[in-house]
Amino acid sequence: MTKIAPSILSADFAKLGEEIKDIEKGGAEYVHVDVMDGHFVPNITIGPLIVDAIKPHTNLPLDVHLMIENPDQYIAQFASAGADIISVHQEACPHLHRTIQLIKSEGVKAGVVINPATPVEMIKPVLADVDLVLLMTVNPGFGGQKFIESVVPKIKEVASLRGENGYHFEIEVDGGVKEGTANTCVEAGADVLVAGSAVFNKEDRGEAIQALLASRV
Ligand code: DX5
Ligand code: ZN
């Protein structure tokens with residue numbers, strides 16, 4: 001069953017608690033939290049304070065996507081703020097295996113992310129250790145960008161590696177996911193669809209989530 005993880009990057013930050021209740025009621029299964037530091041990506045967004053503030057407003061797992069340099073330095077803070085899944089970029093982690101173990105040692109699920117131009121080859125050594133593989137379908141930094149089609153074969157590649165090796169991670173895609181592209185991702189093997197503008201730019205978030213789920217295969 002496909003899961004929808006709305007990205008709160010496109011939510012109204014002045015009423016974040018209500019926004020999160022709204023997506024929970026509408027059928028979301030994760031709350032996707034985009035953390036940007038102005039170094040790894042050009043934009044600055046939110047930190048552990050916001051994760052801590054939204055935690056009491058939802059029963060959904062908080063899926064924290066770190067787009068930051070030096071993630072090791074902040075993993076403990078995000079875990080104690082209430083993150084349930086913490087994902088780090090391969091491109092930001094020279095000691096990726098160590099970083100994944102650090103996340104797990106905090107008692108939270110560990111995810112690994114690759115940018116559109118990074119080959120799947122780069123994360124093969126940690127696929128047995130992770131709970132989530134996140135494939136960026138835009139270059140990270142901003143919501144509302146156009147889906148990059150050339151990532152689709154990578155979704156298929158990760159799904160076959162999982163099948164061949166009996167790995168247990170979920171496959172998540174992030175960026176430019178809307179009605180047409182959602183279908184493409186699900187067909188290629190994605191389990192979790194991150195959607196920012198496709199959910200929060202619509203008045204009725206439940207309807208927006210259901211429209212994405214209609215892509216289910
Ligand atoms: C991109 C972020 C995404 C983004 C998705 O840097 O990681 O989660 O907010 O937004 P949409 O769905 O609008 O492309
Ligand atoms: Zn994200």
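In what order do the eight strands form the open sheet? The order is β1-β8-β7-β6-β5-β4-β3-β2, and the pairing is parallel. This is a predicted model. A UniProt record (unreviewed entry) places an "active site" at D34 and D174. Ligand 1 has 22 residues around it.

**The sheet**

- The sheet is open and is formed by eight strands. From one strand to the next, the twist averages 25°.
- Strands β1 (3-6) and β2 stand at the edges. Each has a single partner strand, so one side of each is left without a neighbour in the sheet.
- Four bridges pair β1 with β8 in the parallel sense. Across this pairing, A5 stands opposite V194 in β8.

**Strand β6 and its partners**

- Strand β6 covers residues 132-136. Five of its five residues are buried, so the strand is largely enclosed by the rest of the structure.
- The two faces of β6 are both covered. On one side, L132, L134 and M136 are buried. On the other side, V133 and L135 are buried.
- Strand β5 (residues 109-114) is joined to β6 by four bridges, and the two run parallel. Here I114 stands opposite L135 in β6.
- Five bridges link β6 and β7, again in the parallel sense. V133 has I171 in β7 as its bridge partner.

**The annotated active site**

- The "active site" positions, D34 and D174, come from an unreviewed UniProt entry. They span 141 residues in sequence, yet no two of their C-alpha atoms are more than 10.4 Å apart, so they gather at one spot.
- D34 lies in strand β2 (residues 31-36). Is D34 buried or exposed? D34 is buried, because 24 other C-beta atoms lie within 10 Å and the cut-off for buried is 20 or more.
- Beyond residues up to four places away in sequence, D34 touches S7, L9, T45, H65 and M67.
- D174 lies in strand β7 (residues 170-174). D174 is buried too, with 27 other C-beta atoms within 10 Å.
- Leaving aside neighbours within four places in sequence, the contacts of D174 are H65, L134, M136, T137 and V194. H65 is thus in contact with both D34 and D174. L134 and M136 belong to the buried residues of β6.

**Ligand 1 and the annotated binding site**

- Which residues are the closest to ligand 1? They are S7, P140, G143, G196 and S197, out of 22 residues that surround the ligand.
- Three elements give two or more residues to this shell: β2, β8 (192-195) and α7 (197-200).
- By class, the shell holds eight nonpolar, 12 polar and two charged residues.
- The UniProt record (unreviewed entry) also gives a "binding site". Its positions are S7, H65, G141, F142, G143, G144, D174, G175, G176, G196 and S197.
- D174 is listed in that "binding site" and also in the "active site".
- S7, G143, G196 and S197 are listed there, and they are among the residues closest to ligand 1.

**G143 in its loop**

- G143 is found in the loop between β6 and α5 (152-165).
- With 21 C-beta neighbours inside 10 Å, G143 counts as buried.
- Outside its neighbours within four places in sequence, G143 is in contact with S7, L9, S10, G196 and S197. Among them, S7, G196 and S197 are also named among the residues closest to ligand 1. S7 and L9 are touched by D34 as well.

**A residue with positive phi**

- N70 has a phi near 55°, a positive value in a residue other than glycine.
- N70 sits in the loop between β3 (62-67) and α3 (75-81).
- N70 is partly exposed, with 13 other C-beta atoms within 10 Å.

Notes. Residues numbered from 1 in each chain as written. Chains lettered and ligands numbered in written order. Predicted model: local features only at pLDDT ≥ 70, side-chain atom pairs only at ≥ 80, totals over all residues. UniProt positions renumbered as here; feature names shortened; annotations may be inferred. Buried ≥ 20, exposed ≤ 12 C-beta atoms within 10 Å, placed from the backbone. Contact = placed C-beta atoms within 7 Å. Near = placed C-beta within 6 Å. Nonpolar A, V, L, I, M, F, W, Y, C, P; charged D, E, K, R; others polar. Pairing = 2+ DSSP bridges. Axes fitted to C-alpha atoms, helices over the stretch in contact; angles between N-to-C directions.
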